[in-house]
Structure formats: C-alpha cells, structure tokens
Amino acid sequence: MTNPVHIPWAQPKLFGNEEAMVLDALRSVWISGGPYVQRLERVAAERMQVAEAVAVSNGTVAVELALRGLGIGPGDEVIVPGFTFVAAANMVLSVGATPLYADIDEQSWLLDPDEIDRLATPRTKAVLPVHLYGNVAEMDAITSRAKAHGLVVLEDAAEAAFSRFDGKCAGTIGNVGTFSLHATKTITTGEGGLVVTNDAGLAQRMRVIRDHGMRQGKRYWHDVVGYNFRLTNLQAAIGCAQLEHLDDIMADRRRIHALYRNALNACAGVRLQHFSQHVDPVLWVIAALIEDDDLSRQRSRRDRIMAAMLEDGIETRPGFYALSLMPPYDAPDLPRVLAASAGVISLPTFFGLTEQQIGYICDRFRHHVHNAG
Ligand SMILES: *Cc1c(COP(=O)(O)O)cnc(C)c1O
C-alpha cells in the first residue's frame, strides 16, 4: 500500500506570471533567443549586484563556460572539493584540465581553504569552491590563499543563489560564479544556468564562446572554438517571472530554515550543516549529518533512516558520494569527505512547505535516528 502522505524532497513553485510570460514569448515567435534572455541577465545581475550575467542552457555548461572563458585547459590544474555535486569535477575533466581534490571543512562540508596551500603547484590555475545546500565556503580565506598562489577563483554557486558572505552574493566574490536554474533550484527556468562576473573582458569572451565562438558583428567569422550554450527565450521567460518573486522566495526559505533549526538543533546523534557568522544563507536544502565514528555503520544507518522516512511518505536524499569512491575520478580518499559522504542526509525543502509538514518530517526523522541502531 502506498503511504497517503507524500512530501517530495523538492518541487518548483510557479507564481502565475510564468504562464503569461511564456505565452508572450511564444506569441512573439522569439522562441530561441529573445528579449527575455537579456531581461533575465539584467535582473539577475542587478539583484546580485554584479556587473555581468550570461545566461546559458544549464548549470553544468555554466561551469564549463567559465572554465573555457578563463582559458583553462590541458596542462592546467584546478582545485575542487572531494565532496560535491559532480558537475564541477566533470567540467574540469571535460576541458582537459586536471582536478586536484581538496578535503572539506568538518562543520560546513565545504572546501577547506588550508587545502589550497597543501595542493597548489606551479601548474595550478584555479580553485573551484562549491557552495553546497545554500551555505557559502570561507571566501575571505579562499580568495587570499588564491591570490598568494596566483589562482583565479571560480565559485559553483548553483545551490547558493542569493546567499551572502560578508554581505556579497555567493558567485560574485571570486573572479566568476555559476548558477543552475534547474527545477529543483531556488530560481528555475526548467533547465538553465547563469554565469556572473565583474570582469567585462571575461564576460565578453564567454558570450562569444556561448555562441559558437562567432565574432560579434562579423557573422560566421570564428576567432575561437565555441559551443552552443544558449538559453531559450521561452525558458528565460519563466526565470523572469520567478525573479519577480525573489523577495518572497528568500523570505520563505528563511522561514523554513528557522523551523528546521529549531526542531533539529538539539537532536542527539545529528549535526546540522554549520553556517559561519559570515554567511547570511538562502537555504537550498536542509542537510544533517548522522554522527557515527565507524564509516560503514554510519552509511548503513543513514541509508536505513532514508528508507524508513520513505515509508512515512517523506522523500530524502543522501549526501554526495565521495569522488574517490567512483571510478572516473582517480581521487584520493580524504577523511572528512568520506565522513560527509557516509553521513549526510537532506530533507524536503521547497517554497510553501508548511509548519505542520516540517513538524511531521522532524518527528519522524528524530524517531528513526533514535531507532536506527
Ligand atoms: C544543480 C547543480 C549543478 C548543475 O546544474 P544543472 O543545471 O543541473 O546542469 C552544478 N553544480 C551544483 C553544485 C549543483 O547543485
């Protein structure tokens, strides 16, 4: 029998104007590029207080475009966290560069700035912190270490849209930042992405690479190898409607974050992701670590809790597998990465999740944590 309760892990919130704007784009017959793309770029840049935003077809090619715009390729090394959504590592490999895998901070589960000093070599060109779950890595330490080693900083801020570190939006602190506009993300266009930067020259290079490497003003003339990374006007229309509700979206995620913190802060055997004093988060998903000093027991307990939650009608997700556990990455085992990989679980987080639903989720979660051996 299926459980009558069903709480998904994520779901997009459409406010109504999405439909009107998509229809407007459709009727205008601007169904590939068009004015909603420019509007999305302008509004996103304004709201993030950054000079340039470049819209692309998803958050993965956003990372690739940033890497290519920076001129990173074969022979170059890029420092990436060993605990991450895989796109960052995949795109470093995709451009032909070599990832150097960094361990994470034990509390925030984000790239540990000390790792930059341990890993950087004369071939290292960039560091790529990934701001997971709405948290932001220690950007002050990361930028100062990067500067000392002559590295550029590329932030994968796909999960941290509009989170701030010392008042600055995630993605706008390093040289370049990337976002995903996937249906599960804070602002969505279905599939889509953004790259932001204050470097006008880099933005210009990325616009050219996004459009086949074609010189602007000289059709079919290509100065560089390019790609088609463009977002459609139809998708951008959805994003423009979403951004009209950005303040509501941020307020609702703050509400949900506070409710979860209150309910789970004192839960024995569970440690919520730690946000430093510098961070003013827009929560993407609430994530917790099931504490255990034995890795394989930790993973099996975590997985049993997830299965029990599903029987209660609550969809959860595990943390990311350590890149070292998977064949393509040739990554070293890193102790704090392995612990997060075995212990992290994330709980439903989306616009409109009610206080009652959060109460039910937290009751069931506490119960299963207590009973999972
Ligand atoms: C979602 C996500 C991406 C990829 O975005 P897509 O739009 O799905 O390609 C990249 N990095 C992180 C950290 C993400 O969470």
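I'll talk about the ligand site first and then about the cysteines.

Okay, quick bookkeeping: this is a predicted model, so local features need pLDDT of at least 70, side-chain atom pairs count only at pLDDT 80 or more, and totals for chains, interfaces and linings use all residues. Residues are numbered from 1 along each chain as its sequence is written, and side-chain values use heavy atoms, with hydrogens and water left out.

So, the ligand. Around the ligand we've got N58, G59, T60, F85, A87, V130, D156, A158, E159, S180, K185 and G192, where being near means having a heavy atom within 4 Å of it. That shell splits into four nonpolar, five polar and three charged residues, with Gly counted as polar.

Now the polar contacts, meaning pairs of N or O atoms within 3.5 Å. A ligand oxygen is 2.7 Å from a backbone N or O atom of G59. The side chain of S180 also puts an N or O atom 2.7 Å from a ligand oxygen, and for the side chain of K185 the distance is 3.0 Å. On its own the ligand exposes 390 Å², and the protein buries 91% of that, going by Shrake-Rupley with a 1.4 Å probe.

On to the cysteines. How many disulfides does the structure hold? Zero, taking a disulfide as two cysteine sulfurs within 2.5 Å. C267 is in none, and the nearest cysteine sulfur, in C362, is 8.6 Å away. Why no bond for C362? Because that 8.6 Å to the sulfur of C267 is too far.

Buried or exposed, then, for C267? Buried, at 9% relative accessibility, the cut-off being under 20% with a 1.4 Å probe and protein chains only. C362 is buried as well, at 1%.

Methods:
Polar contact = N/O pair within 3.5 Å; in protein donor to acceptor, adjacent residues only side chain to side chain. Buried < 20%, exposed > 50% of the residue type's maximum accessible area, 1.4 Å probe, protein only.
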